[in-house]
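Colleague: I am new to reading models like this one. Could you take me through it, term by term?

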Amino acid sequence: MTIADPRAALPRTDSAATRVSDVLWRRPTLLLVLLLTPPVLWLGIIYLGSLFALLLQSFFSIDHFTGLINYEFTLRTYAELFTPTNFDIILRTVTMAACATLASAIIAFPIAYYAARFARGRWRAVFYIGVMMPLWSSYLVKIYAWKLILAKEGILTWALEKLHLLWLLEAYLSLPVVGGNSLSVSPTGTFIVFVYVWMPFMILPIQAALERVPASMLEASGDLGARPGQTFRHVLLPLALPGVVAGSIFTFSLTLGDYIIPQIIGTSRLFIGQAVYQHQGIAGNIPLAAAFAVVPIVIMGIYLTIARRMGAFDAL
Amino acid sequence: MHSDRAPLSLKLAAGAGLLFLHLPILLIFVYAFTTEEKSFAWPPPGLTLKWFAVTWNRPDVWEALQLSVKVAAISTVIAMILGTLCAAAVSRTRFFGRETISLLVILPIALPGVVTGIALRSAFSLAEIPFSTWTIVLGHATFCVVIVYNNAVARFRRTSGSLIEASMDLGANMFQTLRYVILPNIGTALVVGGMLAFALSFDEVIVTTFTAGQQATLPIWMLEELVRPRERPVTNVVAMVVVLVTLLPILGAYYLTRGTDTVAGQGK
């Protein structure tokens, strides 16, 4: 670095820059204000401003005859959320978010555990890149890949046919609720893609939590006579739980707000994100769209409060 | 000792999990070469390079790519400036409302994208701002700030404050200190933050659908093709190229920060 060499010490000049910096040094608050003004203005005006405007609009209502927005304070739009159709959408989305979160945790746990405890040297890097690449790979491409897999003429049907298990798929698809004409238009398809797309978000927080568990603790548990299953349930899982909760913040929030996955792979039944999109777009019902958008905010607010109590933020 | 070796079941579960993550993406690479035009038939009846040439000559793909790169570049620059300023303020001093600032930065990425999207959309229509490249940039820069911020904060935390004081004691003014001491120290963190922000913006589609109007970034183009397929082989080729393009900044970010305690790219 330049300053290490005394002859290279910068000459003291009384330029404008020096005078400005002297003022800033004597008044750190001024410096702080100068540093913070641009980002706070940007985020405060553009982001919080828009959010506030959205919130405000959710208290207006739409005149169903004229299609115009009625700028008067009302809770009617929120009441509309509780009509059977709309409440169904909320319930469906929350159920899907919960299922996807649970499945992600189950698949992510072994990967995170192996990476945290057993992977050394080159394997560590392989695991790291192996999680990072799918995490950052294009979201749409991932959905597209699943469209290729789940399509009727796609690879999954082909593989099952070769294994003579096609009857199994057909039997599954004929089930109510989870089935459909083909996997790519069934709730199961939506579920698989949600799990696939958000699962990498679950691995890293769990891995971070598991890395903090000392190996000696697990050995002690074994020495005291616990079977591996018992060690897992009574020692490892409670210690990893903050990590799981931290990961579930991502998977839950992302599933709540997504409207592209169910649109491309799934049935015609709506999710919250799709409802927001359709009400603001085709229907032009901005107040109802805004009210729908408030739902994930409220749910995530509650979720984050609980997560904070469980110490999940330390695992982030 | 038994605990130094992973049980076979764990190995299998971890391996299967990683395969589940990677196989679908690899599948895209095969489909880019298929001769089949109309359906997603597997296995591919034949392999061809023809679709690369077809894609190369498609002006709509080029336009979308151009817009995506432009938006990502501008958003990255804005996010780098705002994120660094914010990180410098938060890590240097304790002040009232510091937690609120961190929350404010994280919020755009913590709330579902559809919320950010519709909030911006309705704000644009209230303020009667017509859709343009800049409306897309407004959205992208807002959620990219947090990426740069996270990387810069982690680096500032490891940079000793006495280094800055030493520089000032040796007679450097604040701008010289910034140029010769602070920037060399946080340089790689900024580059990494910038690369990740670029990758995030390049791939973003949920907020963009609300702020783009009639314009098509590359992800919007892909979305159109997914909803109303026109020429599937071209989509396959674009999908493959997008995967390759997004991977470069990620590998670069990993390469630059490996061996440090906070490897970049953990949060998206």
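**Chain B and its partner**

Modeller: This is a predicted model. Of the 268 residues of chain B, 54% count as buried.

Colleague: What makes a residue of chain B count as buried?

Modeller: The cut-off is under 20% relative accessible area. In chain B, 54% of the residues fall under it, so they are called buried.

Colleague: How many helices and strands does chain B have?

Modeller: Chain B has 11 helices and 0 strands. Read from the N terminus, its elements run α-α-α-α-α-α-α-α-α-α-α.

Colleague: How do you know which residues of chain A and chain B are in contact?

Modeller: Their heavy atoms must lie within 4.5 Å. By that rule, 87 residues of chain A are in contact with 96 residues of chain B.

Colleague: What area do the two chains bury between them?

Modeller: About 8,800 Å², with 80% of it on carbon and sulfur atoms. On the chain A side, A:Tyr47, A:Trp136 and A:Tyr144 supply 10% of the area buried against chain B, more than any other three residues.

Colleague: Why is the count of salt bridges between chain A and chain B what it is?

Modeller: A salt bridge needs a side-chain nitrogen of Lys or Arg within 4 Å of a carboxyl oxygen of Asp or Glu. The count between chain A and chain B is 0, so no pair across them meets that rule.

Colleague: Which helix of chain A gives the largest share of the side that touches chain B?

Modeller: Helix α2 (residues 28-57), with 17 residues. By class, that side of chain A has 68 nonpolar, 14 polar and 5 charged residues.

Terms used. Residues numbered from 1 in each chain as written. Chains lettered and ligands numbered in written order. Predicted model: local features only at pLDDT ≥ 70, side-chain atom pairs only at ≥ 80, totals over all residues. Heavy atoms only, no water. Buried area = accessible area lost by both parts, 1.4 Å probe. Helix = DSSP H or I, 4+ residues; strand = E, 2+ residues; numbered from the N terminus. Nonpolar A, V, L, I, M, F, W, Y, C, P; charged D, E, K, R; others polar. Buried < 20%, exposed > 50% of the residue type's maximum accessible area, 1.4 Å probe, protein only.
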